[in-house]
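User: Could you take a close look at the aromatic rings in this one? I'd like to hear how they pair up and where they sit.

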Amino acid sequence: MIQNTPEFMIRFIEPEDWRALVEIWSDFKQSPYARYDVPHSLDVEEVKEKARRWAEVSPHMEHMFFAVCNEDGMFGYIDFHKIEGGYECGYCFHSRYHGRGYARESLRRLMEWLAKDGRKRFVAGTAFNNLPSVRLLDSLGFQKVGEEKVSFYKDEKGEDIYFDGGIFMVCVGE
């Protein structure tokens with residue numbers, strides 16, 4: 001266990017978390033914000049393999065995947081990837097837990113925990129139209145440092161569907 005609070009705990013992803021990943025990703029696909037993120041497969045065998053790989057690599061601290069859980073099980077996850085001088089991070093939480101501060105508090109705790117190794121810079125990307133994600137990053141002190149055009153989907157003609165995204169950064173403990 002990495003962090004424990006009265007409301008939730010944070011631990012490395014485990015292979016058995018594949019069921020929760022399917023549920024989180026199924027829920028996310030219903031969100032209007034899904035078009036702004038990399039699509040995730042819901043194929044059981046593919047998700048099992050992804051959970052197994054995530055569990056295997058996380059303790060090595062280069063690519064880390066954390067489960068955010070309560071007594072009912074895993075309801076969200078956060079990932080961090082080492083980059084020069086810091087970490088790139090991402091997150092996804094089941095919609096039943098949106099608006100309760102779980103993403104903010106778990107991200108804050110993990111960034112503080114990871115910053116102890118001297119890497120205090122954190123980078124995240126999100127679509128400008130994904131206002132909940134933009135507000136989350138803003139509440140954690142992230143500042144926009146760049147913009148990019150991104151496409152994860154194609155239209156019926158096979159053409160990329162682009163959206164405007166931002167690159168946000170924060171330095172923890174400075």
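Analyst: Here's a walk through the aromatic part, ring by ring. Keep in mind that this is a predicted model.

The structure holds 16 aromatic pairs. Let's start with Phe66 and Phe80, which meet edge-to-face, with 6.1 Å from centre to centre and 75° between the planes. Phe66 belongs to strand β3 (residues 63-70) and Phe80 to strand β4 (residues 73-83), so this pair ties together parts that are 14 residues apart in sequence. Is Phe66 buried or exposed? Its relative accessibility is 0%, and since buried means under 20%, Phe66 counts as buried. Phe80 has a relative accessible area of 0% too, so it is buried as well.

Phe80 also has Tyr87 as a ring partner: the two centres lie 6.2 Å apart with the planes at 85°, and because an angle over 60 degrees counts as edge-to-face, that's what this pair is. Tyr87 is buried, just as Phe80 is. Zooming out a bit, Phe66, Phe80 and Tyr87 are among the members of one aromatic cluster, which also takes in Phe12, Trp113 and Phe122.

There's a ring with a charge over it, too: Lys48 lies over the face of Trp18, at 4.9 Å from the ring centre.

For contrast, here's a residue without a ring. Cys171 lies in strand β8 (residues 160-171) and is partly exposed, because its relative accessible area of 35% falls between the 20% and 50% cut-offs. Leaving out residues up to four places away in sequence, Cys171 touches Lys120 and Arg121.

Notes: Residues are numbered from 1 along each chain as its sequence is written. This is a predicted model: local features need pLDDT of at least 70, side-chain atom pairs count only at pLDDT 80 or more; totals for chains, interfaces and linings use all residues. Side-chain values use heavy atoms; hydrogens and water are left out. Helices (H or I, at least four residues) and strands (E, at least two) are DSSP runs, numbered from the N terminus. Buried means under 20% relative accessible area, exposed over 50%, partly exposed in between (1.4 Å probe, protein chains only). Contact means heavy atoms within 4.5 Å. Rings of Phe, Tyr and Trp (its six-membered ring) pair if their centres lie within 6.5 Å; planes under 30 degrees apart count as stacked, over 60 as edge-to-face and the rest as tilted. A charge sits over a ring if NZ of Lys or CZ of Arg is within 6 Å of the ring centre and within 35 degrees of the ring normal.
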